[in-house]
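These are my notebook entries on one protein chain. I record here what I looked up, step by step.

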Amino acid sequence: MLLQQLLNGISLGFIYILIAVGLTMVYGVLKLLHFAHGVIYMIGAFAAMIGITYLHLPFLAAIVFAMVISAIAGMAVERFAYRPLRGAHPITTLISGIGVGIFLENLFQIVFTSDTQAFPETGIEVSVVNLTESISLTNTKLYIIAAGIVGLGLLYAFLKFTKMGLAIQATAQDTRAASLMGVNVNRVISVTFVIGSALAAAAGVLVAWNFNSLFPAMGAIPGLKAFCVVVLGGLGSIPGTIVGGLILGVVESLSDGFMTGMVIDKDAIAFIILIVILLFKPSGLFGKNVDKV
């Protein structure tokens with residue numbers, strides 16, 4: 001039972017990681033908490049639904065289509081909601097992001113209604129894979145883990161071995177110095193939003209497929225939990241985000257398996273962890289020391 005819940009937690013953790021990596025990268029480059037990120041996750045799920053239902057795309061092509069649409073949406077949010085306010089008070093940009101998120105969520109409720117919809121047929125049969133006599137996972141959860149590993153591997157290679165990846169790291173260290181050295185900061189920021197939005201879209205599609213449901217408000221709670229993961233791992237730290245996502249996923253899974261009927265809901269655990277981290281180690285597990293968050 002323990003191993004089963006650990007595996008379930010790892011699968012859930014990779015979902016949080018795929019969402020939270022975008023938040024971490026945006027914070028690292030802009031020192032901005034991107035609270036419209038959960039809506040980008042939702043846009044990815046609906047884009048895949050449109051791709052399968054109306055464009056008759058195969059599932060993998062629908063995922064790529066969703067990542068492209070979400071990347072464009074993420075770029076648009078940066079261009080129109082954040083760039084004009086760059087240099088303004090952080091609260092101003094924070095409110096701008098929240099406003100854009102509310103606008104997009106309500107727009108999708110007008111277009112698709114607020115009802116929960118079933119995810120379209122993908123042609124891939126959902127089955128149970130028996131790892132041992134007592135431990136099993138659905139193939140959808142195995143795909144989630146595989147997607148998380150592949151996504152993180154590609155992100156590592158991009159940041160480590162490409163000029164744009166090095167430019168992103170340089171901008172995250174010192175935006176002004178990177179600009180003086182010839183780095184196009186606006187382009188770097190746009191690419192950062194593209195990557196983070198594409199990974200969030202992949203997570204949204206996989207979750208909608210796994211639970212066979214999608215609705216316009218589906219990104220609200222995962223977006224807040226991703227914020228908790230970022231704070232837990234350390235603001236701006238990608239390794240910290242990976243560890244924090246796995247910790248949160250495992251803790252939620254264990255509480256769901258062994259604390260059924262408790263007063264504390266498993267969704268509240270993320271926010272309890274957030275409060276504890278802010279009280280005792282506001283810099284997170286791998287973050288630099290900060291005076292306040």
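Entry 1, burial. I first fixed the term: a residue is buried when its relative accessible area is under 20%. The model I examined is predicted. By that cut-off, 46% of the 293 residues of the protein chain count as buried.

Entry 2, surface. I then looked up the exposed area of the protein chain, which is about 14500 Å². Carbon and sulfur atoms supply 68% of that area.

Entry 3, secondary structure. I found 11 helices and 2 strands in the protein chain. Along the sequence, I read the pattern as α-α-α-α-β-β-α-α-α-α-α-α-α. The radius of gyration is 19 Å, close to the 19 Å given by the globule rule for 293 residues, so the protein chain is as compact as a globular protein of that length. I also noted that the C-alpha trace spans about 60 × 50 × 40 Å along its principal axes.

Entry 4, contacts. Considering contacts with a separation of 6 or more, I noted that 75% join residues 24 or more positions apart.

Entry 5, core. Which residues have the most contacts inside the largest nonpolar core? They are I43, F119 and L214, in a core of 75 residues. I followed L214 further, leaving aside its neighbours within four places in sequence. Its contacts include A45, F46 and M49, as well as D115, T116, Q117, A118 and F119. A208 is also in contact with L214.

Entry 6, charges. I looked up 14 positive and 12 negative charges in the protein chain. Their mean positions are 20 Å apart.

Conventions. Residues are numbered from 1 along each chain as its sequence is written. This is a predicted model: local features need pLDDT of at least 70, side-chain atom pairs count only at pLDDT 80 or more; totals for chains, interfaces and linings use all residues. Side-chain values use heavy atoms; hydrogens and water are left out. Helices (H or I, at least four residues) and strands (E, at least two) are DSSP runs, numbered from the N terminus. The radius of gyration is taken over C-alpha atoms; the globule rule is 2.2 Å times the number of residues to the power 0.38. Buried means under 20% relative accessible area, exposed over 50%, partly exposed in between (1.4 Å probe, protein chains only). Contact means heavy atoms within 4.5 Å. Accessible areas come from the Shrake-Rupley method with a 1.4 Å probe; for residues, only the protein chains shown count as cover. Lys and Arg count as positive and Asp and Glu as negative; His and the chain ends are not counted. The place of a charge is taken as NZ of Lys, CZ of Arg, CG of Asp or CD of Glu. A nonpolar core is a set of buried Ala, Val, Leu, Ile, Met, Phe, Trp, Tyr and Cys residues joined through side-chain atoms within 4.5 Å.
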